[in-house]
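Work through the following exercises with the sequence and the model side by side. Each task is followed by a solution that goes step by step.

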Amino acid sequence: MNEVANSIKQLRQEKKLSQDQLAEQLHVTRQAVSNWENGKTQPDVDTLTRLAEIFDVSVERIIYGKEKPRWHFAVKFMPQECINMGMVLAMLLSYAKWGSIGWAILHGALNWIYVIYYIIKY
């Protein structure tokens with residue numbers, strides 16, 4: 001069985017729904033639900049969205065069997081130590097160039113704004 005089939009069956013059983021009850025909510029036949037759970041066919045995109053709403057999970061949870069972290073890329077390549085080191089380096093370079101602690105603090109803050117932007121975007 002594939003991941004979608006396993007997820008649909010598991011989530012349906014967790015919600016204590018029969019195949020008939022789920023089919024009725026989705027306006028499909030019980031056989032369609034059975035075919036999804038047996039891996040014979042796949043639900044379309046609209047049906048996946050409705051399944052996610054019924055089960056109160058993300059579409060990714062149904063497709064992959066687990067939630068995919070939204071910020072997995074940024075967190076993987078930007079550990080906390082690197083972020084802190086970048087902020088300290090920005091502050092030191094700013095202080096050395098302009099000789100002002102105000103500019104150093106400003107550049108440290110701008111570094112954090114960039115990091116937050118990067119995490120949200122990717």
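**Exercise 1. A residue in a loop**

Find the place of D56 in the chain, and decide whether D56 is buried or exposed.

*Solution.* Begin with the location: in this predicted model, D56 sits in the loop that links helix 4 to helix 5, the latter covering residues 59-64. Next, take the accessibility, which is 63% in relative terms for D56. Since the cut-off for exposed is over 50%, D56 therefore counts as exposed. Finally, look at the backbone, where D56 has a positive phi of about 60° although it is not a glycine. As background for that last step, most residues other than glycine have a negative phi.

**Exercise 2. Two further positive phi angles**

Determine where K16 is found, and what the sign of phi is for the G39 that follows helix 3.

*Solution.* First, K16 belongs to the loop between helix 1 and helix 2. Its phi is positive, at about 55°, although K16 is not a glycine. The relative accessible area of K16 is 72%, so this residue is exposed. Then turn to the end of helix 3, which is followed by G39, and there phi is positive as well, near 80°.

**Exercise 3. The overall make-up**

State how many helices and how many strands the protein has, and what share of its residues is buried.

*Solution.* Counting the elements gives eight helices and zero strands, and read from the N terminus on they run α-α-α-α-α-α-α-α. Of the 122 residues in the protein, 28% are buried. For the contacts, consider those between residues at least 6 apart in sequence: 56% of them join residues at least 24 apart.

**Exercise 4. Helix 2 against helix 4**

Describe how helix 2 and helix 4 pack, and name the residues that meet.

*Solution.* Two packed helices are described by the angle between their axes and the distance between the axes. For helix 2 (residues 19-26) and helix 4 (residues 45-55), the angle is about 120° and the axes are 10 Å apart. Because angles of 65 to 115 degrees count as roughly perpendicular and those over 145 as roughly antiparallel, helix 2 and helix 4 are oblique to each other. Their crossing is right-handed. On the side of helix 2 the contact involves L22, Q25 and L26, which meet T47, R50, L51, I54 and F55 of helix 4. Sorted by class, the residues of this contact are five nonpolar, two polar and one charged.

**Exercise 5. Helix 2 against helix 3**

Work out how helix 2 is oriented with respect to helix 3, and which residues of helix 3 are buried.

*Solution.* Start with the axes of helix 2 and helix 3, which come within 8 Å and cross at roughly 110°. That angle makes helix 2 roughly perpendicular to helix 3, and the crossing is right-handed. The contact brings Q19, D20, L22, A23 and L26 of helix 2 together with R30, V33, S34, W36 and E37 of helix 3. By class, the contact of helix 2 with helix 3 has five nonpolar, two polar and three charged residues. As a last step, list the buried residues of helix 3 (residues 30-37), namely A32, V33, S34, W36 and E37; these pack against helix 1, helix 2 and helix 4.

**Exercise 6. Two residues of helix 1**

For R12 and S7, decide whether each is buried or exposed, and find which residues each one touches.

*Solution.* Take R12 first, which is found in helix 1. Its relative accessibility is 10%, so R12 counts as buried. Leaving aside residues up to four places away in sequence, R12 touches L17, S18, Q19, L22, E37 and F55. A polar atom of the R12 side chain lies 2.8 Å from the backbone oxygen of L17. Now take S7, which is also found in helix 1. S7 has 1% relative accessibility and therefore counts as buried. With residues up to four places away in sequence again left out, S7 touches R61, I62 and G65.

Technical notes
Residues are numbered from 1 along each chain as its sequence is written. This is a predicted model: local features need pLDDT of at least 70, side-chain atom pairs count only at pLDDT 80 or more; totals for chains, interfaces and linings use all residues. Side-chain values use heavy atoms; hydrogens and water are left out. Axes are lines fitted to C-alpha atoms, for helices over the stretch in contact, and angles run from 0 to 180 degrees between N-to-C directions. Helices (H or I, at least four residues) and strands (E, at least two) are DSSP runs, numbered from the N terminus. Angles under 35 degrees count as roughly parallel, over 145 as roughly antiparallel, 65 to 115 as roughly perpendicular and the rest as oblique. A crossing is left-handed if the near helix is turned anticlockwise from the far one by less than a right angle, and right-handed if clockwise. Contact means heavy atoms within 4.5 Å. Ala, Val, Leu, Ile, Met, Phe, Trp, Tyr, Cys and Pro count as nonpolar, Asp, Glu, Lys and Arg as charged, and the others, Gly among them, as polar. Buried means under 20% relative accessible area, exposed over 50%, partly exposed in between (1.4 Å probe, protein chains only). A polar contact is a pair of N or O atoms within 3.5 Å; within protein, one must be able to donate a hydrogen and the other to accept it, and residues adjacent in sequence count only if both atoms are side-chain atoms.
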